[in-house]
Amino acid sequence: MKESVEVNLLDFASYKTGNDWSLAFSQAAKKGDIIYVPAGEYTISSFAVPSGKTIRGDGERTVIRGTSREKSIFSCIGSAGLELNIVGNIENHSNRAAVSN
């Protein structure tokens, strides 16, 4: 079984566009299976999360906000059985409860 590789999102900060961390998330996902998002606030326009990836934060100290309230910031792509894992109690600060199955 392949060992999971964890990367720190801050190591990809050079890929930010202004305050948008979307490209940094994408580049981190190319390099690691687990994306560690340290305490702080991160704004993203969108991020298509590949199958089998995990996003791990520092609980309520890690905040991920969208640039728009009109669209989802995360979309999951890939195969059933390799779903996205979000761990570390990343708080929902979107002011709306939109969960779809």
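Arg 56 is partly exposed in this predicted model, with a relative accessible area of 29%. Its salt-bridge partner is Glu 6, and the closest N and O atoms of the two residues are 2.4 Å apart. Glu 6 belongs to strand β1 and Arg 56 to strand β5 (residues 54-57), so this pair ties together parts of the chain that are 50 residues apart in sequence. Glu 6 is likewise partly exposed, at a relative accessible area of 40%. Since the class of partly exposed residues runs between 20% and 50%, both Glu 6 and Arg 56 fall inside it.

A search of the whole structure turns up four salt bridges, among them the Glu 6 and Arg 56 pair just described. Another of them joins the side chains of Arg 65 and Glu 41, with 2.8 Å from N to O. This pair also links distant parts of the chain, for Arg 65 is in strand β6 and Glu 41 in strand β3, 24 residues apart. Arg 65 is partly exposed, with a relative accessible area of 31%. A further salt bridge is formed by Arg 61 and Asp 58, whose closest N and O atoms are 4.0 Å apart. Arg 61 counts as exposed because its relative accessibility is 56%, and the cut-off for that class is over 50%. Its partner Asp 58 is partly exposed, with a relative accessible area of 22%.

The overall layout gives these pairs their setting. The chain contains one helix and eight strands, and from the N terminus on its elements follow the order β-α-β-β-β-β-β-β-β. Of the contacts with a separation of 6 or more, 55% are between residues 24 or more positions apart. Buried residues account for 31% of the 101 residues in the chain. The chain exposes about 6500 Å², and carbon and sulfur atoms supply 47% of that area.

The interior can be followed from helix α1. Ser 22, Ala 24, Phe 25, Gln 27, Ala 28 and Ala 29 are the buried residues reported for α1. Packed against the buried residues of this helix are β1, β2 (34-37), β3 (40-44), β4 (47-49) and β6 (62-66). The largest nonpolar core holds 16 residues, and those touching the most other members are Leu 9, Trp 21, Phe 25, Ile 35, Val 37 and Phe 47. At least two residues of this core come from each of α1, β2, β3 and β4. Helix α1 gives the most, with four residues. Phe 25 illustrates the arrangement well: with residues up to four places away in sequence set aside, Phe 25 touches Leu 9, Ile 35, Val 37, Ile 44, Phe 47 and Ile 64.

Not every buried position is nonpolar, and Gln 27 is a helpful case to look at. Gln 27 sits in helix α1 and is buried, with a relative accessible area of 16%. Beyond its neighbours within four places in sequence, Gln 27 is in contact with Phe 12 and Tyr 15. Gln 27 and Ala 13 are 14 residues apart in sequence, and their C-alpha atoms are 9.8 Å apart in space.

The loops on either side of the helix also hold buried residues. Asp 20 lies in the loop between β1 (6-8) and α1 (22-31). Asp 20 counts as buried because its relative accessibility is 18%, and the class takes in values under 20%. Its side chain makes a polar contact with the side chain of Ser 45, at 2.8 Å. Apart from residues up to four places away in sequence, Asp 20 touches Thr 43, Ile 44 and Ser 45. Ile 44 is also among the residues touched by Phe 25.

Gly 32 is found in the loop between α1 and β2. With a relative accessible area of 2%, Gly 32 is buried. Its contacts, leaving aside neighbours within four places in sequence, are with Val 5, Val 7 and Lys 53. Gly 32 and Thr 54 are 22 residues apart along the chain, and 9.1 Å separates their C-alpha atoms.

Conventions:
Residues are numbered from 1 along each chain as its sequence is written. This is a predicted model: local features need pLDDT of at least 70, side-chain atom pairs count only at pLDDT 80 or more; totals for chains, interfaces and linings use all residues. Side-chain values use heavy atoms; hydrogens and water are left out. Buried means under 20% relative accessible area, exposed over 50%, partly exposed in between (1.4 Å probe, protein chains only). A polar contact is a pair of N or O atoms within 3.5 Å; within protein, one must be able to donate a hydrogen and the other to accept it, and residues adjacent in sequence count only if both atoms are side-chain atoms. Contact means heavy atoms within 4.5 Å. A nonpolar core is a set of buried Ala, Val, Leu, Ile, Met, Phe, Trp, Tyr and Cys residues joined through side-chain atoms within 4.5 Å. Accessible areas come from the Shrake-Rupley method with a 1.4 Å probe; for residues, only the protein chains shown count as cover.
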